[in-house]
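Biologist: I am new to this structure. Please show it to me, and then let me ask about its parts.

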2 protein chains.
Amino acid sequence: MTTEAKPSSRERLLEAAATLTYRDGVGIGVDALCKAAGVSKKSLYQLFGSKDELLAASLKEGAAAFVASLLPPADDGRSPRERILHVFEQVEVQAGVPGFRGCRYLAVQIELKDRRHPASRVARRIKRNLLSYFRAEAEQGGADDPDLLARQLIVVFDGVNARAGIGVDNLKGLIAPTVATLLDAADMR
Amino acid sequence: MTTEAKPSSRERLLEAAATLTYRDGVGIGVDALCKAAGVSKKSLYQLFGSKDELLAASLKEGAAAFVASLLPPADDGRSPRERILHVFEQVEVQAGVPGFRGCRYLAVQIELKDRRHPASRVARRIKRNLLSYFRAEAEQGGADDPDLLARQLIVVFDGVNARAGIGVDNLKGLIAPTVATLLDAADMR
DNA sequence: CCTCAGGTAAACCGATCGGTTTCCAATCCG
DNA sequence: CGGATTGGAAACCGATCGGTTTACCTGAGG
């Protein structure tokens, strides 16, 4: 086991924000966040300045784990096609674990109608990076129109995440054939 | 012009609820709703019993317009393929009008984390009807796997609505080729 | 004319919102 | 050990939440 005694107040706040906003939405109150983190409101406002900034920091903090949970390890010898399929296999796996509620970054952007909200900006950046990943793989894989394919893939990504997140589809037998069809149509074998 | 003098309190409340929750989210306050509708809170609670029921009634009320804005007229001689493509052409059109924020039913389901919320139930039912429409057309069009195709189509529907709704894609040149690819793959010519 | 039903405006309710401040105990460092 | 710093608990702030109630006004019916 790691020799981690206890996470700092800052880490506990980020973790509580990630957990509670994912489950209850960005409307969660700061009292609830502080109570869950075992941290005083005073500390919250010293560390982050506002609830909005805490949410933004929480999303940014989780970006690395988000990427790591989806993308294959770099230079693992697989083809771009396999690497794209790997991302969507991971989505299907994640959709099966209890408490799954779809892509948190999409949810934040939908809940925060204001696109200039700091957390909305962070979410947008993270998803733009995923789009860039798809486009890079599409280019490397020789897709007919890498830009179109990347946009199609992220539409499917958000679509399946949203559908599974609201509990209206379990995605079984849906993702792989859909993505494969789009890859085939782009002549990315 | 129609001889409509002034909509009833009930109608004005439903309209205000539709407009304000779409723009600001379901967290909008009842004071704001009443003020926009020019109706007292007393009347709101007499007519609908609670804010939750008003939201649910507002979604239900708008279902017919939602369907009419997307689906082609019945028995217009077009093929199932054309009828499905028509739906997505309408989405692209709607995504171009100012104030577009994606599918309101998806947004409501994402914002209301509680699936048992009356408005969430209504939204789910309306989207299930759209899924059924896709499936019926897929069957009639002789798709290889009508159920799979219908699920793919509604994933794309929610995906493009969400992406355009949060303002990260204008959908130009994206929808038609994507849907056509899925229809082709299902051998629905 | 009077009455009565319906509806609005506004006060009111307790709870909670995001955010600030006060107080006190634990900890750290010389 | 003494003094300074940290951070948690909780009171406090004005605003707003969903919801109820009161008081007044207006229009229709007898």
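Biologist: By what turn can chain A be laid on chain B?
Modeller: This is a predicted model, in which local features need pLDDT of at least 70, side-chain atom pairs count only at pLDDT 80 or more, and totals for chains, interfaces and linings use all residues. Residues are numbered from 1 along each chain as its sequence is written, with chains lettered from A and ligands numbered from 1 in the order in which they are written. Copies are superposed by least squares on C-alpha atoms of residues with pLDDT of at least 70 in both. Chain A fits on chain B with an RMSD of 0.0 Å and a shift of 0.0 Å along the axis, by a turn of 180°.

Biologist: How are the two copies thus related?
Modeller: The turn is 180°. The copies are therefore related as by a two-fold rotation axis.

Biologist: Which residue of chain A comes closest to the rotation axis?
Modeller: The distance is taken at the C-alpha and comes to 1.9 Å. The residue is Gly159(A).

Biologist: Which element gives the largest share of the side of chain A that touches chain B?
Modeller: Contact means C-beta atoms, placed from the backbone, within 7 Å. By that rule, 32 residues of chain A are in contact with 32 residues of chain B. Helices are DSSP runs (H or I, at least four residues), numbered from the N terminus. The largest share is 10 residues, from α8(A).

Biologist: Which residues come nearest to DNA strand D?
Modeller: Near means a C-beta atom, placed from the backbone, within 6 Å. There are 15 residues around the strand. Those that come nearest are Ser40(A), Ser43(A), Gly29(B), Lys42(B) and Lys51(B).

Definitions and conventions
Contact = placed C-beta atoms within 7 Å. Helix = DSSP H or I, 4+ residues; strand = E, 2+ residues; numbered from the N terminus.
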